Amino acid sequence: MSDEPESVSVSRGVTPDSLLHTGGSDHPSAEDLVLASGRDLTPKNLQWAERRLAREGRSAIDKTLP
């Protein structure tokens, strides 16, 4: 977790800690996987994420996040 206030993080283009989430009961979406991988939200990247989630399930996002 960052010691910086969210307003500082947002101004630097970093996602604030309060918006990041992961957990066993969570069902990540294609959008979650695209953002976690640092890619832009484009139709091509969303299709990539949907295929990866279909193939790997929850572990796709677990492998992406530290």
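Across this predicted model, the mean pLDDT of the chain is 79, and 70% of the residues reach a score of at least 70. Confidence varies from element to element: helix 1 (residues 6–11) has the lowest mean pLDDT, 50, whereas helix 3 has the highest, 96. The chain contains four helices and zero strands, and its pattern along the sequence is α-α-α-α. Of its 66 residues, 20% count as buried. Among contacts with a separation of 6 or more, 37% join residues 24 or more positions apart.

Helix 3 is a suitable place to begin a closer reading. The 14 residues of helix 3 should span 20 Å at 1.5 Å a residue, and its end C-alpha atoms are indeed 20 Å apart, so the two values agree. Which residues of helix 3 are buried? They are Asn45, Trp48, Ala49, Arg52 and Leu53. Viewed down the helix axis, these buried residues fall within an arc of 130° and therefore line one face of helix 3. The spacing follows a general rule: an α-helix has 3.6 residues a turn, so residues three or four places apart point the same way. Pro43, Lys44, Ala54 and Arg55, on the other side of helix 3, are exposed.

The buried residues of helix 3 pack against helix 2 (30–36) and helix 4 (59–64). The largest nonpolar core comprises eight residues: Ala30, Leu33, Val34, Trp48, Ala49, Leu53, Ala60 and Ile61. Helix 2, helix 3 and helix 4 are the elements that each give two or more residues to this core. Ile61, one of the core residues, is in contact with Pro28, Asp32, Leu33 and Ala36, when neighbours within four places in sequence are left aside.

Arg52 merits separate attention. This residue lies in helix 3 (residues 43–56). Is Arg52 buried or exposed? Burial requires a relative accessible area under 20%; Arg52 has a relative accessibility of 15% and therefore counts as buried. The side chain of Arg52 reaches the backbone oxygen of Ala60 at 3.4 Å. Not counting residues up to four places away in sequence, Arg52 touches Leu33, Gly57, Ala60, Lys63 and Thr64. Two of these partners, Leu33 and Ala60, also belong to the largest nonpolar core. Another partner of Arg52, Gly57, is found just after helix 3 and takes a positive phi of about 65°.

Conventions:
Residues numbered from 1 in each chain as written. Predicted model: local features only at pLDDT ≥ 70, side-chain atom pairs only at ≥ 80, totals over all residues. Heavy atoms only, no water. Buried < 20%, exposed > 50% of the residue type's maximum accessible area, 1.4 Å probe, protein only. Polar contact = N/O pair within 3.5 Å; in protein donor to acceptor, adjacent residues only side chain to side chain. Contact = heavy atoms within 4.5 Å. Expected span 1.5 Å × (residues − 1). Arc of directions from axis to C-beta. Core = buried A, V, L, I, M, F, W, Y, C linked by side-chain atoms within 4.5 Å. pLDDT = per-residue confidence, 0-100.
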